[in-house]
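This report walks through one protein structure for a reader who is meeting such a model for perhaps the first time. Please keep the sequence and the structure in view while reading.

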Amino acid sequence: MSIDYQFDKNHIWHPYTSLTQPLPTYAVTHATENKLYLDSGETLIDGMSSWWAAVHGYSHPKLNKAIEQQTQKMAHVMFGGITHQPAIDLCKKLVELTPAGLDKVFLADSGSVSVEVAIKMAIQYWQSQNHPEKSKLISLRNGYHGDTFAAMSVCDPVNGMHTLFNNVIQQHYFVESPTVSFYQDYDSDAIIEIESVLKQHSHEIAAIILEPIVQGAGGMKFYHPLYLKAVRDLADKYNVLLIADEIATGFGRTGKLFACEWAGISPDIICLGKALTGGYMTLAATLTTDKIANGICNGQAGVFMHGPTFMGNPLACAVANAAIELLFENDWQSQVKQIENWLNTYLSPLEKHTCVNNTRVLGAIGVVELNEAVPMAEIQAFFVSQGVWIRPFGKLIYLMPPYISQQEDIKTLANAIDVWLIQNHAQNCG
Ligand SMILES: *Cc1c(COP(=O)(O)O)cnc(C)c1O
């Protein structure tokens, strides 16, 4: 059976893509380990982990088995009034692994929903404390927290579509993206702006929301752990909550199991997703502390007002349990460390190209930032022709390969970027 590309083009939305002038799509027929097999015959080495998610690669026997076994028992049951072992096992693991104090787990169906849940928790908490006026958030520029409305309202106001939805999204406070990078010396001036916003407005602020250490889809920026530590202290000083969105950074990607560990802090609320199920199914979790949970439940509503239909989906929980076990069986820490070394080895030489602004690496994340945005359709086709799957955005060509990737794979991925820089920017990118 051949792929009906015409139907796809005419009827199916793809992420952030025009339906009338769509960029080409590539049909994948199957995927194993870190390889995607195209209908057209090519085999591509995966550099994206399907957007941070498929950390163990594709079609992993242990993950397949977890789903198959769970399917024999039940694919889904409602979570209202019912519980089950896969959810209990998963929540135990999450309570144990996440930073101290995060003991109450809400299972959500996607990252964006877990952010909605986190924001709702913060607001309901302050209502319960007789501070309904504490309903605004502080967020960082260049942040990304998802595409639903509350999540969108805390995404970067410039590249995060705020102008389109200005009339309908909640208005929050934004401060500069952290100015001290991960590898610089910390400068305590970095928190002047956020502290001044807190000084003036903390009476109306429920929480600060941020991606710890790595700002992902909003710019792939790595910032200094002492900034995160300082923001934790400020949140306490000014009596606002701290929400850490670890949907992208969680489960080892930055070299720590959770990026908050770089700063040795615990947030009041944490959001997890993406790699949670090893990229198998959509599942997310929002964890909070006893204090916040008790506040919410002693408040006016008496309950937390959220309950998705597919909450705690047993298939998703079962595969998440297996994916977390696999992290430790595979020694994720040395996998990520190795990839970090290889990314450094093969990406830093690309700085010789004049069109490259800089390269940077943290954990299993490698970024090549150019001076100008790349032509998407063209570069995508080029990478496919080189046998790699890399999907840049704007000026950023970045790699976040599955943890099972080998040295040869990282070399091939980096080499494809190098060749593109040589061939397509021959005049200004020697
Ligand atoms: C991907 C992402 C989200 C949104 O998750 P979805 O599952 O796509 O809804 C939120 N926050 C961060 C940091 C993310 O990387």
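## The ligand and the spaces in the protein

Sorted by class, the shell of residues around the ligand holds 3 nonpolar, 5 polar and 3 charged residues. The model discussed here is a predicted one, and every value below was computed from it.

Which residues surround the ligand? The shell consists of Ser-110, Gly-111, Ser-112, Tyr-144, His-145, Gly-146, Glu-211, Asp-245, Ile-247, Ala-248 and Lys-274. For some of these residues a distance to a particular kind of ligand atom can be given. A polar atom in the side chain of Lys-274 lies 2.6 Å from an oxygen atom of the ligand, and a polar side-chain atom of Asp-245 lies 2.7 Å from a nitrogen atom of the ligand. With Gly-111 the backbone takes part, for one of its backbone N or O atoms lies 2.9 Å from an oxygen atom of the ligand. Taken alone, the ligand exposes 380 Å², and the protein buries 82% of that area.

One member of the shell, Ser-112, can be described further. Ser-112 lies in helix H5, which covers residues 111–128, and the side chain of Ser-112 reaches the backbone nitrogen of Asp-147 at a distance of 3.2 Å. Is Ser-112 buried or exposed? Ser-112 has a relative accessible area of 16%, and because buried means under 20%, Ser-112 counts as buried.

### A pocket and two cavities

The second largest pocket encloses about 310 Å³ of space. Its lining is made of 16 residues, and the closest of them to the centre of the pocket are Ala-66, Gln-69, Gln-70, Lys-73 and Ala-318. Where in the fold do the lining residues come from? Helix H3 (61–73), helix H4 (85–97) and helix H11 (314–329) each supply at least two of them, and H3 gives the most, with 6 residues. By class, the lining of this second largest pocket divides into 5 nonpolar, 5 polar and 6 charged residues.

How many cavities of 30 Å³ or more does a search of the whole structure find? The search finds 2, and the table sets them side by side.

| Cavity | Space | Lining residues | Classes in the lining |
|---|---|---|---|
| Largest cavity | About 40 Å³ | Leu-23, Pro-24, Tyr-26, Met-376, Ala-377, Gln-380 and Arg-391 | 5 nonpolar, 1 polar and 1 charged residues |
| Second largest cavity | About 30 Å³ | Val-55, His-56, Phe-251, Ala-275, Leu-276, Ala-323, Ile-324 and Leu-327 | 7 nonpolar, 1 polar and no charged residues |

Read by class, the lining of the second largest cavity has no charged residues, whereas the lining of the largest cavity has 1 charged residue.

### Two serines with a positive phi

The backbone angle phi draws attention to two serines. Ser-49 has a positive phi of about 50° although it is not a glycine, and Ser-59, which is not a glycine either, also has a positive phi of about 50°. Their surroundings can be described one after the other. Ser-49 lies in helix H2, residues 49–52, and with a relative accessibility of 0% Ser-49 counts as buried. Ser-59, by contrast, is found in the loop between H2 and H3 and is partly exposed, with a relative accessible area of 37%.

### Two further buried residues

Val-336 has its place in helix H12, residues 332–347, and counts as buried at 1% relative accessibility. Between the C-alpha atoms of Val-336 and Gln-70 the separation is 29 Å, and these two residues are 266 residues apart along the chain. Gln-70 has already appeared above, as one of the residues closest to the centre of the second largest pocket.

Gly-273 has its place in the loop between strand E11 (269–272) and strand E12 (284–288). At 1% relative accessibility, Gly-273 counts as buried. How far apart in space are Gly-273 and Ala-285, C-alpha to C-alpha? The distance is 6.4 Å, while in sequence these two residues are 12 residues apart.

Definitions and conventions
Residues are numbered from 1 along each chain as its sequence is written. This is a predicted model: local features need pLDDT of at least 70, side-chain atom pairs count only at pLDDT 80 or more; totals for chains, interfaces and linings use all residues. Side-chain values use heavy atoms; hydrogens and water are left out. A residue is near a molecule or strand if one of its heavy atoms lies within 4 Å of it. A polar contact is a pair of N or O atoms within 3.5 Å; within protein, one must be able to donate a hydrogen and the other to accept it, and residues adjacent in sequence count only if both atoms are side-chain atoms. Accessible areas come from the Shrake-Rupley method with a 1.4 Å probe; for residues, only the protein chains shown count as cover. Ala, Val, Leu, Ile, Met, Phe, Trp, Tyr, Cys and Pro count as nonpolar, Asp, Glu, Lys and Arg as charged, and the others, Gly among them, as polar. On a 1 Å grid over the protein atoms alone, a cavity is a set of points where a 1.4 Å probe fits but cannot get out, and a pocket is an open set with protein on both sides within 12 Å along at least five of seven lines; lining residues have an atom within 4 Å of a point. Grid points are joined across faces, edges and corners, and a volume is the space filled by probe spheres set on the points. Helices (H or I, at least four residues) and strands (E, at least two) are DSSP runs, numbered from the N terminus. Buried means under 20% relative accessible area, exposed over 50%, partly exposed in between (1.4 Å probe, protein chains only).
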